[in-house]
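This report walks through one protein model for a reader who has not met it before. Please keep the sequence and the three-dimensional view at hand while reading.

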Amino acid sequence: MSGPIAWQNGSAPTPFSRPPKTRPTVRTKPFKLDTRTSQHVQVKQPASFGPKSSPFQRKSWRAWCRIRAWLPTDLSWTASIATHGDVRRNAFHQYYAEFCAHENTLAATLAGSIHTDVYYARARNYPSALEASLFADNVPTSVYDNLIAAVREHLPSVHAYFELRRRKMQIDEIHHYDTYVPILSDVPSHHTWDQAVDVVLASLEPLGEGYCQTLAKGLRGRWCDRYPNQGKQSGAFSCGTFDGDPYILMNYKPDVLNDVFTLTHEAGHSMHSFYSARSQPFQYYNYTIFVAEVASTFNEQLLADYLIRHADSKSERAAIINHEIDSIRATIVRQTMFAEFEKITHAMAEAGEPLTVASIKEVYHRLLQDYFGQNFVLDDELQLECFRIPHFYRAFYVYKYATGLSAAIALSQRVMKGGADELSQYLKFLQGGCSKDPLDLLRDAGVDMTRPEPVRTALSRFAELVQELDTLL
Ligand SMILES: [Zn+2]
């Protein structure tokens, strides 16, 4: 369904009214190769590097895909959420046994992927694979380094949360397979679709009447394909277009509180698309991944704040707080550990150090020790996790999850505590599309991601939530 276009501010944008994107062309010049050299670089790609290039590596890559396909999704899911500890433990060991049996192949495939990143960065004159990867978003490496440093500063509160989990679960020692099982699953939740829309809209009131009215019309109208259906794709996503409505795919289940969070998340993406498309000419309307998750997780922050304030009981309040804690842990802390792993292993390749099964696992083990703390029991198999994360074969992407949520937490607090100026700056960010570099768009909205403060703010909130959960349980 494509409805009539309701232009923001009453008038359509004028396409091509701005100068073409010349700045990126100037920036990329030092790293551009002439056609002949570029062909040479492609031909010379070392046969043993790329996971999909040489016959050996193609075989390795297929093995990697096969292992993931062999392993039932249920097994990793069971290892995460089964309420009985023995079931979780057995599922965990069974799941990783397959990765253990193929660790040489997997290590060679991962090393190949890392060497390929290093090779292309060098061939195109970038100082490092990390800098080559951050170049497109014009993000300095200090953003990446600040993220890691700020998360490391706050690791004691992450360790305190694991200890709190251990106590609440009444277990003697805590393992990785004990970190996802819900510890407050006995709190019932039920929101029909209409109730979920009402809650989402009430929580988004700080964003003003214009935002809420547009969203209300969309969600109560035909923006969203709501419920699970036979043959329908699982999960949820939002898809925006330049000259039509933004559409949302949901598989909404009334008894799952997380689905209300998913709804406001996808609504955040849709409203970002709506504002960008109606405020920018075509070439600037499509926002980058770096800022995309800010608009969606911003809405989740407002929803969590609303639900915590309107909770009817201590246990309901605790359940929402726990949801928030787990979201920060999974999105900021865990993804930053992944980001640090990518940085270290690429630096090893650049320094000519061997990337073997043992050396890669050792790096990962050291990170697990730091991020999970000394009271956490690390099963040997957990080191194999570094071979099974798909993002590691497409390096330097996951840090955007962590910076995105950090920016969203900082901006949502700014809007909730601020006035008309703070709101107007945030709405301008939503209207910005890709008309500026992501860091400039965020800076104009009031958050400077080149400084460690936004990540610190997010993790201070994490520490406060852990303390509050401790007093509630
Ligand atoms: Zn999203």
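In this predicted model, helix H12 and helix H19, the latter covering residues 420-431, pack against each other at an angle of about 75 degrees, with their axes 7 Å apart. Since an angle between 65 and 115 degrees counts as roughly perpendicular, H12 and H19 are therefore described as roughly perpendicular to each other. The contact is made by Met-271, His-272, Tyr-275, Ser-276 and Ser-279 on the side of H12, and by Leu-427, Leu-430 and Gln-431 on the side of H19.

Helix H12, which runs over residues 257-279, also packs on helix H14, residues 289-309, at an angle of about 135 degrees and again with an axis separation of 7 Å. Because this angle falls in none of the ranges for parallel, antiparallel or perpendicular pairs, H12 and H14 are oblique to each other, and their crossing is right-handed. Among the residues of H12 in this contact are Val-260, Phe-261, Met-271 and His-272, while H14 contributes residues including Ala-292, Phe-298 and Leu-303. Met-271 and His-272 thus appear in the contact with H14 as well as in the contact with H19.

A further pair is formed by H18 and helix H21, residues 453-472, whose axes come within 8 Å and cross at roughly 80 degrees. That angle makes H18 roughly perpendicular to H21. In this contact, Leu-405, Ser-406, Ala-407, Ile-409, Ala-410 and Gln-413 of H18 meet Pro-454, Val-455, Thr-457, Ala-458 and Arg-461 of H21. The table sets the three pairs side by side.

| Helix pair | Angle | Axis distance |
|---|---|---|
| H12 and H19 | about 75 degrees | 7 Å |
| H12 and H14 | about 135 degrees | 7 Å |
| H18 and H21 | roughly 80 degrees | within 8 Å |

How much of H18 is buried? Of its 19 residues, 15 are buried, so H18 is largely enclosed by the rest of the structure. At 1.5 Å a residue, the 19 residues of H18 should span 27 Å, and this agrees with the separation of its end C-alpha atoms, which are 27 Å apart.

One residue of this helix, Ala-407, can be followed more closely, and its place is in H18, residues 399-417. Ala-407 has 30 C-beta neighbours inside 10 Å and so counts as buried, the cut-off being 20 or more. Not counting residues up to four places away in sequence, Ala-407 touches Val-294, Leu-442, Val-447, Met-449 and Pro-454. With Met-449, the separation is 42 residues in sequence and 7.3 Å in space, taken from C-alpha to C-alpha.

Val-357, found in helix H16, residues 357-372, has 18 other C-beta atoms within 10 Å and is therefore partly exposed. Leaving aside neighbours within four places in sequence, Val-357 is in contact with Glu-103, Asn-104 and Ala-107. The C-alpha atoms of Val-357 and Thr-105 are separated by 9.0 Å, although these residues are 252 apart along the chain.

Helix H15 covers residues 314-350, and its 37 residues should span 54 Å at 1.5 Å a residue; the end C-alpha atoms are 52 Å apart, which agrees. H15 nevertheless bends by about 30 degrees at Arg-329. After H15 comes Gly-352, which has a positive phi near 80 degrees.

Positive phi values also occur at two residues that are not glycines. Asn-138, with phi near 55 degrees, lies in the loop between helix H7 (129-134) and helix H8 (141-153), and Asn-138 is partly exposed, having 15 other C-beta atoms within 10 Å. Gln-170, with a phi of about 55 degrees, sits in the loop between helix H9 (155-169) and strand S1 (174-175), and Gln-170 is exposed, with 6 other C-beta atoms within 10 Å.

Seen as a whole, the protein chain has a secondary structure of 21 helices and 5 strands. Of its 473 residues, 39% count as buried. Where contacts join residues at least 6 apart in sequence, 73% of them link residues at least 24 apart.

Methods:
Residues numbered from 1 in each chain as written. Predicted model: local features only at pLDDT ≥ 70, side-chain atom pairs only at ≥ 80, totals over all residues. Helix = DSSP H or I, 4+ residues; strand = E, 2+ residues; numbered from the N terminus. Expected span 1.5 Å × (residues − 1). Bend = angle between axes of the 7 residues up to and from the residue. Buried ≥ 20, exposed ≤ 12 C-beta atoms within 10 Å, placed from the backbone. Contact = placed C-beta atoms within 7 Å. Axes fitted to C-alpha atoms, helices over the stretch in contact; angles between N-to-C directions. Parallel < 35°, antiparallel > 145°, perpendicular 65-115°, else oblique. Left-handed = near helix turned anticlockwise from the far one by under 90°.
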